[in-house]
Amino acid sequence: MSRNVLGADACGLGRAIEAGRTDPVEITEAYFDAIRSFDGWERIFARLTEGRALAEARAATERAKRGMRLSPLDGVPLSWKDLFDSAGIATEAGSALLKGRIPRHDAEVVRRATALGAVCLGKTHMSELAFSGLGVNPVTATPPCVNDPEAAPGGSSSGAAASVAFNLAAGAVGSDTGGSVRVPAAWNDLVGLKTSLGRLPMQGVVPLCRSFDTIGPLTRTVTDAAAMFSLLLGQVRPPAIEGVRLERCRFLILAEGIDRARREPLRSFESIVEKLRQAGAAIEHRRVTEVDIALGHAGNLYGAEAYGEWKDRIEADPDAMFAEVLNRFRSGRGVAGCDYVSSWNTLRDLRRNYKSKTAGFDAVLLPTSPILPPNLSKLLADSQFFARENLLALENTRYGNLMDVPALTIPTAVPSAGFMLLGENGQETRLLRVGRAVEKLISG
């Protein structure tokens, strides 16, 4: 089999195992060979878990021989963002503040995936404590962007995206608090799924903002995203996501989401919208002011909660942090408790209004990010540029977190320009079905 497995989609590898065309040990060894031969793999993986992976692969091979596979992804190698606890393996969340932190147990989603046969290749680099959408981390490592070695990779699940984009994992698991699955997925031409708050358990996951933290897969296809979502839910069989007819779909474009989009992301978005129209989809374009009002409260909400979560650890050793991330955390220390409570009361009202205004649509459409990946050197040299590009990178994705709805980004013909669909709270499967139809339209 050798290196032919590299670049294959996760479900395709699962089918090859099922058919006896290859086995999990061969696949896993091929990935480790590829990782070690990749120039700069240490910028993608914080640490490898080769002993664990090969043991899991051998067990999966035996199950396959006996016709006792646990799931369609039994024996398929995945990577994990370095904030998911893995027993006996350091989990440091991209921060020197957590250096040497070794959990005793797997995170619940890691346990579920392992119980259904997934193979754990290792832990991937990330933005420090997950508090940046750019993926820049001078403290540990900044992974490469697949489309431009001089550009930021997107964050905070930067290494997760790179591991799949550079064919060093069949799929990856990341977290998304304000866009941290979707931005790196978009900038590295992948599919990324942000789930509804609480749909997947955060037990054993290093937190940033517990009120917004979610978990989601980064994959090559929407079908893989559905299979990995099922794996993380602990469900054996993925949902059926084929069969949606676009001519029966009704979509809403948020005007707020394209107001500040730059030329290339906007051009990509508009070309797909035109394809949807030609396919017979009904498309409306309107303002839903709740999303921008919510964005105006994001500083109070994210800043206060993130700083409250980490202030003691941060202020004990602030020099250990990347200055731009430190500044972002400290932006929350001046938020008064009354303002935080007021912002949450406002957000609850905004969520109700948003749900009412978007009811009846199959999905809300946006460019995943209004910008393409900015230059890495300029980000490191110019603090104001860093802060501005970071907020712009996350502007559209944060709508999904603030409104607490699932969101799916799909790659387009324009490198690093993703196409995003927002769904209804708790309706990930429905969103994946619509996303699969859109994916086929884009690739066709």
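Two strands are said to pair if DSSP finds at least two bridges between them. In this predicted model, that condition is met where strand β9 (residues 363-367) and strand β11 run antiparallel to each other and are joined by four bridges. Within this pairing, Val364 has Leu422 of β11 as its bridge partner. Strand β11 also pairs with strand β10 (residues 407-410), again in the antiparallel sense and over four bridges. Here the bridge partner of Thr409 is Met420 of β11. Strand β11 itself comprises residues 419-422, and both of its faces are covered. Phe419 and Leu421 are buried on one side, while Met420 and Leu422 are buried on the other.

Burial is also a feature of helix α5. Eight of the eight residues of this helix (residues 158-165) are buried, so α5 is largely enclosed by the rest of the structure. The buried residues are Ser158, Gly159, Ala160, Ala161, Ala162, Ser163, Val164 and Ala165. Their packing partners include the strands β1 (45-48), β2 (77-81), β3 (119-124), β4 (171-176) and β6 (214-219). Helix α6 (182-187) likewise packs against the buried residues of α5. After α5 comes Asn167, a residue with a positive phi, near 60°.

Salt bridges were examined next. A search of the whole structure finds 34 of them, and several are described here in turn. Arg52 forms a salt bridge with Glu56, and the closest N and O atoms of this pair are 2.7 Å apart. Both residues belong to helix α3 (residues 50-65), where a separation of four residues places them about one turn of the helix apart. An α-helix has 3.6 residues a turn, so residues three or four places apart point the same way. Arg52 and Glu56 are both buried.

A second pair within a helix is formed by Arg352 and Asp349, whose side chains meet in a salt bridge with an N to O distance of 2.2 Å. These two residues lie in helix α11 (residues 337-358) and are three residues apart, about one turn of the helix. The surroundings of the pair can be described by relative accessibility. Arg352 counts as exposed because its relative accessibility is 51%, and the cut-off for an exposed residue is over 50%. Asp349, at 39% relative accessibility, counts as partly exposed.

The salt bridge between Glu395 and Arg260 has an N to O distance of 2.5 Å. Glu395 lies in helix α13, whereas Arg260 lies in the loop between β7 (250-254) and α8 (263-278), so the pair ties together parts that are 135 residues apart in sequence. Glu395 has a relative accessibility of 9% and therefore counts as buried, since buried means under 20%. Arg260 is partly exposed, with a relative accessible area of 36%. Salt bridges also link a group of four residues, Arg47, Asp82, Glu92 and Lys123, in a network.

The pockets of the model were then considered. The largest pocket holds about 310 Å³ of space. Its lining is made up of 17 residues, and those closest to the centre of the pocket are Cys11, Arg15, Pro72, Arg237 and Pro238. Helices α1 (10-18) and α7 (222-233) each supply at least two residues of this lining. The greatest contribution comes from α1, with four residues. By residue class, the lining of the largest pocket divides into nine nonpolar, three polar and five charged residues.

The second largest pocket contains about 260 Å³ of space. It is lined by 17 residues, and Phe131, Arg328, Ser331, Asn390 and Leu391 lie nearest its centre. Two or more residues of this lining are given by each of the helices α9 (290-316), α10 (323-330) and α13 (383-403). The largest share comes from α13, which provides six residues. The lining of the second largest pocket divides into seven nonpolar, seven polar and three charged residues. Helix α13 thus appears in two of the descriptions given here, as a contributor to this lining and as the helix in which Glu395 lies.

Notes:
Residues numbered from 1 in each chain as written. Predicted model: local features only at pLDDT ≥ 70, side-chain atom pairs only at ≥ 80, totals over all residues. Heavy atoms only, no water. 1 Å grid on protein atoms, 1.4 Å probe; cavity = no way out; pocket = protein on both sides within 12 Å on 5 of 7 lines; lining within 4 Å. Points joined across faces, edges and corners; volume = space filled by probe spheres on them. Nonpolar A, V, L, I, M, F, W, Y, C, P; charged D, E, K, R; others polar. Buried < 20%, exposed > 50% of the residue type's maximum accessible area, 1.4 Å probe, protein only. Contact = heavy atoms within 4.5 Å.
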